[in-house]
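Work through the exercises below with the sequence and the coordinates open. Try each task before reading its solution.

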Amino acid sequence: MKSRVIKIVSSLAIGIGIAVAPASSYAATSKTMKVHYIDVGQGDSIYIKAPNGEDIVIDGGNKGKGNAVVSYLKKQKVDDIEVLISTHPDADHIGGLDEVINAFKVENVYAPKVSNTTQAYKDFLNAVKKKKLKVQTAQAGVKLPVKDVNAQIVGPTKTYANSDLNDWSAVVHMAYKKNTFLFTGDAETKAEADMMKAKKTLRADVLKVGHHGAKTSTSKNFLDTVKPKYAVISVGKNSYGHPTSQVVNLLKNSKASILRTDQSGTIIITGDGTSYSVKKSR
């Protein structure tokens, strides 16, 4: 009888082993980097689910969009945020971040060393202070704590006048195996030229187009350096003419596939380390 019990237990163990092995093997091969370009109208908000599970947020849309961003993150089962980046103090980027910070546990906050007098900027700082967090300086050379991903800030490479808020934009490059992404905030041609001059890592398959497609960003030289396969424009109804025909034509000439949040809603690009898949919400 004792011998029979041992045989039964052994059989169960083997059965469990057979059931578990493929699952863990699948988990090991199914890691992806998923980038959500959230439709926040005329503004920027990006959510990244890293291969090892870290949650990263870059910008939070305009004032009044914070709740929508928080709701979207909760639908993605976000419970805490490992990295939160404010690219620069413009309201259409920083406006909703106070609500994001208030809604989640946040481990690391990054922002360029430039201030603004707007209420949106003050609300961001107050939310950081309330959570007893420290704003780490977003500047070229800073590496972000993301496992299995080479995630680094490549701009700004220098200081600019306080009136040049766009050029202060934190520009982030992420590489997961052969998948490469570049997030540019509102960096304009001056900042682009400075990053190229400093020989920063800019080559990327997926480019978040600078400043919603304004003609003051995305120079031909910059595009020739980045060589994107996909160009995502985060834009909504606006009176600025974004995206401009000049930038759209440059992107077309570069053979990049253009994706726009005003046309496709939230855009999700998933990289498995070698290839990409694109999903649109409309």
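## Exercise 1: The surroundings of Thr87

Setting aside neighbours within four places in sequence, Thr87 has contacts with Ile58, Asp59, His93, Pro112, Trp168, Ser169, Ala170 and Gly185. The model is a predicted one.

**Task.** Place Thr87 in the secondary structure, classify its exposure and find the polar partners of its side chain.

**Solution.**
1. Start with the location. Thr87 sits in the loop that links strand 4 (80-85) to helix 3 (91-94).
2. Now the exposure. Buried means under 20% relative accessible area. Thr87 has 2% relative accessibility, so Thr87 counts as buried.
3. Look for polar partners. The side chains of Thr87 and Asp59 make a polar contact of 2.8 Å.
4. A further polar contact, of 2.9 Å, links the side chain of Thr87 to that of His88.

## Exercise 2: A residue in strand 14

**Task.** Is Lys280 buried, partly exposed or exposed? Which residues does Lys280 contact beyond four places in sequence?

**Solution.**
1. Lys280 belongs to strand 14 (residues 276-280).
2. The limits are under 20% for buried and over 50% for exposed. Lys280 has 44% relative accessibility, so Lys280 counts as partly exposed.
3. Leaving out neighbours within four places, the contacts of Lys280 are Leu259, Ser264 and Thr266.
4. Check one C-alpha distance as well. Lys280 and Arg260 lie 9.6 Å apart in space, with their positions 20 residues apart in sequence.

## Exercise 3: Cores and rings

**Task.** Which members of the largest nonpolar core touch the most other members? Then find how the rings of Phe181 and Phe183 are arranged.

**Solution.**
1. The largest nonpolar core has 31 residues. Tyr37, Ile48, Leu144, Met174, Phe181, Phe183 and Ile269 touch the most other members.
2. A separate core holds 25 residues, including Tyr72, Val78, Ile101 and Phe104.
3. Take Tyr37 from the largest core. Beyond four places in sequence, Tyr37 touches residues including Phe181, Phe183, Val206, Val232 and Ile269.
4. Turn to the rings. The whole structure contains 6 aromatic pairs.
5. Tyr121 and Phe124 have ring centres 6.5 Å apart and planes at 35°, so this pair is tilted. Both Tyr121 and Phe124 are buried.
6. Tyr121 and Phe124 are about one helical turn apart, because they are 3 residues apart in helix 5 (residues 119-130).
7. Phe181 and Phe183 have ring centres 6.3 Å apart and planes at 0°, so this pair is stacked. Both Phe181 and Phe183 are buried.
8. Phe181 and Phe183 also share one aromatic cluster with Tyr37, Tyr230 and Tyr276.

## Exercise 4: Two helices and their buried sides

**Task.** How are the buried residues of helix 8 and helix 6 arranged around each axis? What packs against them?

**Solution.**
1. Begin with the general rule. An α-helix has 3.6 residues a turn, so residues three or four places apart point the same way.
2. Helix 8 (residues 245-253) has Val247, Val248 and Leu251 buried. These residues span an arc of only 100° around the axis, so they are on the same side of helix 8.
3. Ser245, Lys252 and Asn253 are exposed on the other side of helix 8.
4. The buried residues of helix 8 pack against helix 7 (220-226), strand 11 (230-233) and strand 12 (257-260).
5. Lys255 follows helix 8 and has a positive phi, near 70°.
6. Helix 6 (residues 189-197) has Ala191, Glu192, Asp194 and Met195 buried. Viewed down the axis, the buried residues of helix 6 fall within an arc of 165°, so they line one face of the helix.
7. The cover over the buried residues of helix 6 includes strand 7 (150-155), strand 8 (171-176) and helix 7.
8. Just after helix 6, Lys199 has a positive phi of about 55°.

## Exercise 5: Whole-chain totals

**Task.** How many helices and strands does the protein have? What share of its residues is buried?

**Solution.**
1. The secondary structure comprises 9 helices and 14 strands.
2. Of the 282 residues, 52% are buried.
3. Now take contacts with a separation of 6 or more. Residues 24 or more positions apart account for 65% of them.
4. The accessible surface is about 13400 Å², and 52% of this surface belongs to carbon and sulfur atoms.

Notes. Residues are numbered from 1 along each chain as its sequence is written. This is a predicted model: local features need pLDDT of at least 70, side-chain atom pairs count only at pLDDT 80 or more; totals for chains, interfaces and linings use all residues. Side-chain values use heavy atoms; hydrogens and water are left out. A nonpolar core is a set of buried Ala, Val, Leu, Ile, Met, Phe, Trp, Tyr and Cys residues joined through side-chain atoms within 4.5 Å. Buried means under 20% relative accessible area, exposed over 50%, partly exposed in between (1.4 Å probe, protein chains only). Contact means heavy atoms within 4.5 Å. Rings of Phe, Tyr and Trp (its six-membered ring) pair if their centres lie within 6.5 Å; planes under 30 degrees apart count as stacked, over 60 as edge-to-face and the rest as tilted. Helices (H or I, at least four residues) and strands (E, at least two) are DSSP runs, numbered from the N terminus. A polar contact is a pair of N or O atoms within 3.5 Å; within protein, one must be able to donate a hydrogen and the other to accept it, and residues adjacent in sequence count only if both atoms are side-chain atoms. The arc is that of the directions from the helix axis to the C-beta atoms. Accessible areas come from the Shrake-Rupley method with a 1.4 Å probe; for residues, only the protein chains shown count as cover.
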